[in-house]
Amino acid sequence: MHTRLFTVISELYNNALAHGVLPLDSELKHSPDGLEEYFVLRTQRLVQLKNINIKLSLTYEPTERLLKIVVRDSGGV
């Protein structure tokens, strides 16, 4: 269970970073040279970051066995 939760949270964080903060297009990864271009752009944009944030909020309701995850990011470069 912990492994699946870690995977979900990691994916949510990475999506907020890639699409919310760095505005990267996932379609790049589908072309022959796109994956390399994606990571070059990602690295360039990470270096430029200033005053951004990604907030993850987790709330667990044990009686309902419900986990609520909210992700907010400050927007892009």
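## Nonpolar surface patch and positive-phi loop residues

V8 lies in helix α1 of this predicted model. With a relative accessibility of 43%, V8 counts as partly exposed, because that class covers values between 20% and 50%.

V8 belongs to a nonpolar patch on the surface, formed together with L5, L12, Y13, L56, L58, Y60 and L67. The accessible area of these residues together is about 640 Å². Two elements, α1 (2-21) and β1 (54-61), each supply at least two residues of the patch. The greatest contribution comes from α1, which gives four residues.

The strand β1 is joined to β2 (residues 66-73) by eight bridges, and the two strands run antiparallel. Two patch members meet in this pairing: the bridge partner of Y60 is L67 in β2. In a regular strand, side chains alternate between the two faces of the sheet.

The hairpin of β1 and β2 has four residues between the strands. R65 is found in this loop and takes a positive phi there. A positive phi also occurs at N51, a residue other than glycine, in the loop between α2 (34-48) and β1. Their values are set out below.

| Residue | Loop | Phi | Relative accessibility |
|---|---|---|---|
| N51 | between α2 and β1 | near 55 degrees | 80% |
| R65 | between β1 and β2 | near 55 degrees | 72% |

N51 counts as exposed at 80% relative accessibility, and R65 likewise counts as exposed at 72%, because the exposed class begins over 50%.

Notes: Residues numbered from 1 in each chain as written. Predicted model: local features only at pLDDT ≥ 70, side-chain atom pairs only at ≥ 80, totals over all residues. Heavy atoms only, no water. Patch = residues over 30% accessible without salt bridge, like charges linked within 9 Å, V, L, I, M, F, W, Y side chains within 5 Å. Areas by Shrake-Rupley, 256 points an atom, 1.4 Å probe, with all protein chains shown as cover. Salt bridge = Lys/Arg side-chain N within 4 Å of Asp/Glu carboxyl O. Buried < 20%, exposed > 50% of the residue type's maximum accessible area, 1.4 Å probe, protein only. Pairing = 2+ DSSP bridges.
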